[in-house]
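Open the model in your viewer and keep the selection panel at hand. The tour goes stop by stop.

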Amino acid sequence: MWTLIFQTLEFTVLIPGMLLAYLPVRSSLKQTPKKLAVWILPLLIICSCFCGFACHRFHLSTRSVLLPLLFVLFILYHSTLLISLWKSVSIYLAVCAVFSCFNSLSRAASAMLNFGSEHLAFSDFSTFGILYNLFCILFVLLIWYPASHSVKEMVEDENLAQTWYVFWILPVLVITQRFLRGYIVIVYALLLILALFYSMFLMMANILNKNKKLQQENLFLSVQQERYENLRSAIEDARQARHDIRHHFLQLSAMAKDGDLEKIKEYLQNAMDKIP
């Protein structure tokens with residue numbers, strides 16, 4: 001019975017994982033967050049319990065069940081969003097990469113805590129499940145604000161469209177260490193690399209946003225300058241036209257006083273020929 005519970009605990013990290021994946025894309029949901037939570041939370045709980053039972057009943061490793069389950073959940077995740085495939089893949093893989101590192105850290109921490117225990121196998125496995133969930137939940141709480149604000153702005157920014165095509169590469173490399181059973185030092189190094197990578201990505205996004213805004217402001221100023229020049233030219237043309245009309249009226253008035261109709265006709269014809 002306890003083995004079933006602790007095997008199920010390894011799958012319950014899907015709940016904080018999916019929550020973290022949805023934080024940056026709240027504005028891109030096809031339905032409201034409340035409606036989404038009503039059906040997806042029970043679904044994740046049922047999946048966790050069912051997968052834990054299947055592993056216990058048929059003596060399967062959690063790893064063999066987790067891979068196809070993650071693929072199915074990604075299809076479900078992407079189907080609930082309005083963003084591009086590359087963005088959803090990158091976000092999903094980033095969460096998987098971080099949680100993969102926490103998996104290895106939890107195993108290492110569990111082994112150290114239960115070193116020398118008489119019931120090492122059982123204690124190590126039970127402690128691992130608790131630590132794994134604890135690490136993941138604490139991480140989600142820690143990253144909640146950056147994910148729902150800074151990363152959200154980055155996801156909504158269309159200026160970074162090309163960058164998402166390569167964003168998935170490092171998370172995939174980090175996930176592979178989960179199946180290679182790397183040493184604890186490697187896991188720490190990978191977590192550090194991930195943190196630096198995501199920080200650099202956010203910094204690059206902010207720089208690109210600032211540059212884009214400056215370009216838009218410069219374009220706006222150039223358009224305003226062009227409109228100002230056109231307006232000034234139009235005002236000058238209107239002023240010159242008023243001056244010419246006043247001059248024509250004065251000339252015609254003088255000719256009218258003399259009663260020279262032929263001269264008036266000739267003057268009007270010359271004036272009309274000069275009008276473009």
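What follows is a walk from the whole chain to single side chains.

**Stop 1: the whole chain**

Show everything as a cartoon. This is a predicted model. The chain has 10 helices and 0 strands. Read from the N terminus on, the elements are α-α-α-α-α-α-α-α-α-α. Now colour by burial. Of the 276 residues, 38% count as buried. Then turn to contacts between residues at least 6 apart in sequence: 76% of them join residues at least 24 apart.

**Stop 2: helix 2 against helix 3**

Select residues 14-22, which form helix 2. Add residues 33-58 for helix 3. Two packed helices are described by the angle between their axes and the distance between the axes. For helix 2 and helix 3, the angle is about 145° and the axes lie 9 Å apart. The crossing of helix 2 past helix 3 is right-handed.

Show side chains. Which residues of helix 2 meet helix 3? They are Leu14, Ile15, Met18 and Tyr22. On the helix 3 side, pick Leu36, Ile40, Leu41, Leu44, Ile45 and Ser48. Colour this contact by class: 9 residues are nonpolar, 1 is polar and none is charged.

**Stop 3: helix 3 against helix 4**

Keep helix 3 and add helix 4, residues 62-79. This pair packs at an angle of about 160°, and the axes are 10 Å apart. Helix 3 is therefore roughly antiparallel to helix 4, as the cut-off for that term is over 145 degrees. Helix 3 passes helix 4 in a right-handed crossing.

Select the contact residues in helix 3: Trp39, Ile40, Leu43, Leu44, Cys51 and Cys55. Opposite them in helix 4 are Thr62, Val65, Leu69, Leu73 and Leu76. By class, this contact has 10 nonpolar residues, 1 polar and no charged.

Leave Ile40 and Leu44 highlighted for a moment. Both meet helix 4, and both also meet helix 2.

**Stop 4: the loop at His59**

Follow helix 3 to its end and centre on His59. This residue sits in the loop between helix 3 and helix 4. Check the backbone: phi is positive, about 55°, although His59 is not a glycine. Is His59 buried or exposed? Its relative accessibility is 71%, so His59 counts as exposed.

**Stop 5: two salt bridges on helix 9**

How many salt bridges does the structure hold? There are 2. Select residues 184-258, helix 9, to find them.

Zoom to Glu229 and Arg232. Their side chains meet in a salt bridge, 2.7 Å from N to O. The two residues are 3 apart in helix 9, which means a separation of about one helical turn. Arg232 is partly exposed, with a relative accessible area of 46%. Glu229 is partly exposed too, at 30%.

Move along to Glu236 and Arg239. Here again a salt bridge joins the side chains, at 2.7 Å from N to O. Glu236 and Arg239 are also 3 residues apart in helix 9, so about one helical turn separates them. Arg239 has a relative accessible area of 40% and is partly exposed. Glu236 counts as partly exposed, at 40% relative accessibility.

**Last view**

Zoom out with three selections on. Helix 3 has contacts with helix 2 and with helix 4. His59 marks the loop between helix 3 and helix 4. Helix 9 carries the salt bridges Arg232 to Glu229 and Arg239 to Glu236.

Key:
Residues numbered from 1 in each chain as written. Predicted model: local features only at pLDDT ≥ 70, side-chain atom pairs only at ≥ 80, totals over all residues. Heavy atoms only, no water. Axes fitted to C-alpha atoms, helices over the stretch in contact; angles between N-to-C directions. Helix = DSSP H or I, 4+ residues; strand = E, 2+ residues; numbered from the N terminus. Parallel < 35°, antiparallel > 145°, perpendicular 65-115°, else oblique. Left-handed = near helix turned anticlockwise from the far one by under 90°. Contact = heavy atoms within 4.5 Å. Nonpolar A, V, L, I, M, F, W, Y, C, P; charged D, E, K, R; others polar. Buried < 20%, exposed > 50% of the residue type's maximum accessible area, 1.4 Å probe, protein only. Salt bridge = Lys/Arg side-chain N within 4 Å of Asp/Glu carboxyl O.
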